[in-house]
Structures are given as structure tokens and as C-alpha cells.
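Visitor: I would like a close look at a single part of this model, taken slowly and with its surroundings described afterwards.

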Amino acid sequence: MLIQALLLVAFAVIGTLLVRDATDVRHQAVRRILIVLFGLFAAVSVLVPGSVSWVAERLGVGRGTDLVLYGTVVAFLGFVAASYRRMRALESRLVELTRRLALDEAREDELEVALRRSREGAGDEPGARPGEGARPGPGAERR
Amino acid sequence: MVTGEGEPRDTWVVVPLYQEAAVVGDVVRELRAVFPRVVCVDDGSRDGSAGVARAAGARVVRHCINLGQGAALQTGFDFVLRDPAARFAVTFDADGQHTVADARAMVQRLRDGEADVVFGSRFLDGRTAVAPVRRAVLRSAVAWTNLTTGVRLTDAHNGLRALSREALTRVRLTHHRMAHASEIVSKVGSARLRWVEHPVEIRYTDYSRAKGQSLLNSVNILVETILG
């Protein structure tokens, strides 16, 4: 039947959406077109009550309600797939940001330690262990 | 064991760290007896793990939020690559299940020019006793990895590995949570790096058993691997 073919195609499309990157502008445009079409479909089905059943019969589905149910399932799966991709993309950016922050912080610590060591080296006798016995300047101890 | 000079300063040990305050201090001290350079990548622990690791003599790089072990490893790799003297990196779990002697032997194999990457495997000798269910899951993970990556290993999810600088620059982890173990293997395969396996011992203590991966987590790993 026609509806079976349509549903299978829809699932296949959603499947590929799930594994492919969905962050570029073309995907965004397609998403928006689909949302507009969905809105039009809703409006038509309200204004012309028999229309959904008419389409359903042409597609080999018994009742209009069933067609709406199928449509909802497809739309929901598509939504799940798209949001999974977008969450992954968002997570990747979050990782990049946090990693950068962590590495920069580590470098700062490094510089601070080196600075303190050179300051102590200039003042005290050589061979003094850094961080031990030496009096830290104001605000030098953070932890 | 020899201290300080035992291993030259061209080797960094990368320890991904999350909520292991109870054991990480001992792990770092044990490591530092052989490897002077240890970096713990604290993945947003809230139990003071970072402070314990720092007190034990490790450098600490801190993710301010929890990102996952794969992300922590990659941060560690980036950190190591910033040190121009670094030639080798070892990945080592924070819960004390690995042995330092194994790590040292693996670095030696890199140093001898045998390979770019040395993977630890608990199935190459009889030292590690693995429970039957865990063995079955690990075996299927191996089968899956071998099937999909073209690299034939005996143990796919072992946290102990040694990588050359060359390998570090060519492997970039994008699976932030758990699927990174298979990801490393597959990227080593596609980058055509030379690899070998090395027999290592896994010490299943009560602690590591309590903290260790639930077998259900393998479902998550599978899904992340397929969906990317």
C-alpha cells in the first residue's frame, strides 16, 4: 500500500538524519519549511473537516484519524533525531570551551608558580625549597 | 623502585580523574616513583579529588563541569602536546586498577621504536581474573571493535595505553563520554599508526568493583559508537 511505502521512506530519512550532522543552514531551512507545512496542514484540517479522511483514503489508510496518528509518529521521531544531533553539536562546543578554560587555567597556575619561585630565589638563599618556609607575599596563596 | 631519574622527563602520564579522592593520592604517588610527570585531568569532581592529586605531586588540569572520560583524555593529550619536550604519553585510570610496572614496560616498547601506540590487554596472560559475565561483555566489545575498526585487539576497553607524540597529534577524540575507547582504536587504525598489544594486569579491588562500569553502560557505549 502507498502509506506503507511513504512511512518507510520517512523512517529512512529520519534514520539518516540521526547519523548525519544537522547543524548547517540547509537543514535549518528544511526544518522551518516543514514546520510551516505542518501549520498549514493543521489549518486545512480544521477548515475542511473531511479533507484528512479524503487524503487518507487515497493513501490506503482507513480513517483520517489514523493518518494523523501516523503523521504525528513520523514528526515525533524526526524531532527526536534532530534534537539528538543538535544536543551533540552543543555538547561538542561546550567541551571545546571547557577544555580551553581548563588549559588556560593550568598555564596561569604554571606561570604563577614560576613567578613565585623566581621571586623567592632572588630573595632567600639558593636551595630553599619553593613553597616551604618562604613567606608568600600578600595574595600569593590562593588555595 | 628508582625515583625521579627512573624515567626521563619526556613521558607524561595522563590520569582522567572523576570522584576518586579516596584512591587517587596513592595512585599518583605510585606513578611518581617512576614517572616524574603526571597530569590529572579532573573532570569536575566535587569530592576534592583535584586537591588530593595536587598534594600528591600531580599537575592538575580542571574541567569546571563534568564532560566525560573521553573529553578528559583529550584535554590531557592537548596538555601534553603543549610541552615541547614530551615524546610519550601514558593513559592510566585513577582508581588504581593498573600497575605502574606495566606502564613502564609499555613506554619502553615505544622507546624501542616498536610501535606508535601500545594497547594494554588483560587477556594476554593469566594475571587478571575476569568474572564470566564481564568477560563475555568485554569479548563482544572486542568483536565489535575488531569488526568496525580493522584493528585486531584482544581487549578493547582497557584504560592503560601508551602513545607516541606522533600518535597524540593524529588521534583526536570526539566521543566525549564512554565510547572513546573504541574511538582511539578506530582512529589509530585509520591513521595507519603502528600498534602492538602488551599484557597488563587489572587489579579488581572491592573499590574498583564498586566504582567500575556497570555492564548496562555497554549499551550506552554501543549507541554512542553507532550514532557518533
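Visitor: How many residues line the largest pocket, and which of them lie nearest its centre?

Guide: This is a predicted model, and what follows should be read with that in mind. The largest pocket is lined by 37 residues, and those nearest its centre are L34(A), F38(A), G71(A), V74(A) and A75(A). Four elements of chain A each give two or more residues to this lining, namely α1 (2–19), α2 (25–47), α3 (51–59) and α4 (64–123), and the largest share, 12 residues, comes from α4(A). The volume of the largest pocket is about 1400 Å³. Sorted by class, its lining residues divide into 25 nonpolar, eight polar and four charged, a breakdown that may be useful when setting up a description of the pocket wall.

From the open pocket we can turn to enclosed space. The structure holds one cavity of 30 Å³ or more, and the largest cavity contains about 40 Å³ of space. Its lining is made up of F119(B), G120(B), L153(B), D155(B), A156(B), H157(B), N158(B), R161(B) and V185(B), which by class are four nonpolar, three polar and two charged residues.

The contact between the two chains completes the surroundings. Chain B brings 24 residues to this contact and chain A brings 22 residues, and between them the chains bury about 1900 Å², with 55% of that area on carbon and sulfur atoms. On the side of chain B, the residues that lose the most area to chain A are R82(B), H176(B) and L227(B), which together account for 33% of what that side buries. R82(B) also takes part in a salt bridge with E110(A), in which the closest N and O atoms are 4.0 Å apart, and the count of salt bridges between chain B and chain A is two. Five residue pairs are found in polar contact across this interface, with both residues of each pair at pLDDT 80 or more. The elements of chain B that give two or more residues to the side touching chain A are β3 (59–63), α3 (69–81) and α9 (217–227), and by class that side of chain B has nine nonpolar, seven polar and eight charged residues.

Key. Residues numbered from 1 in each chain as written. Chains lettered and ligands numbered in written order. Predicted model: local features only at pLDDT ≥ 70, side-chain atom pairs only at ≥ 80, totals over all residues. Heavy atoms only, no water. Contact = heavy atoms within 4.5 Å. Buried area = accessible area lost by both parts, 1.4 Å probe. Salt bridge = Lys/Arg side-chain N within 4 Å of Asp/Glu carboxyl O. Polar contact = N/O pair within 3.5 Å; in protein donor to acceptor, adjacent residues only side chain to side chain. Nonpolar A, V, L, I, M, F, W, Y, C, P; charged D, E, K, R; others polar. 1 Å grid on protein atoms, 1.4 Å probe; cavity = no way out; pocket = protein on both sides within 12 Å on 5 of 7 lines; lining within 4 Å. Points joined across faces, edges and corners; volume = space filled by probe spheres on them.
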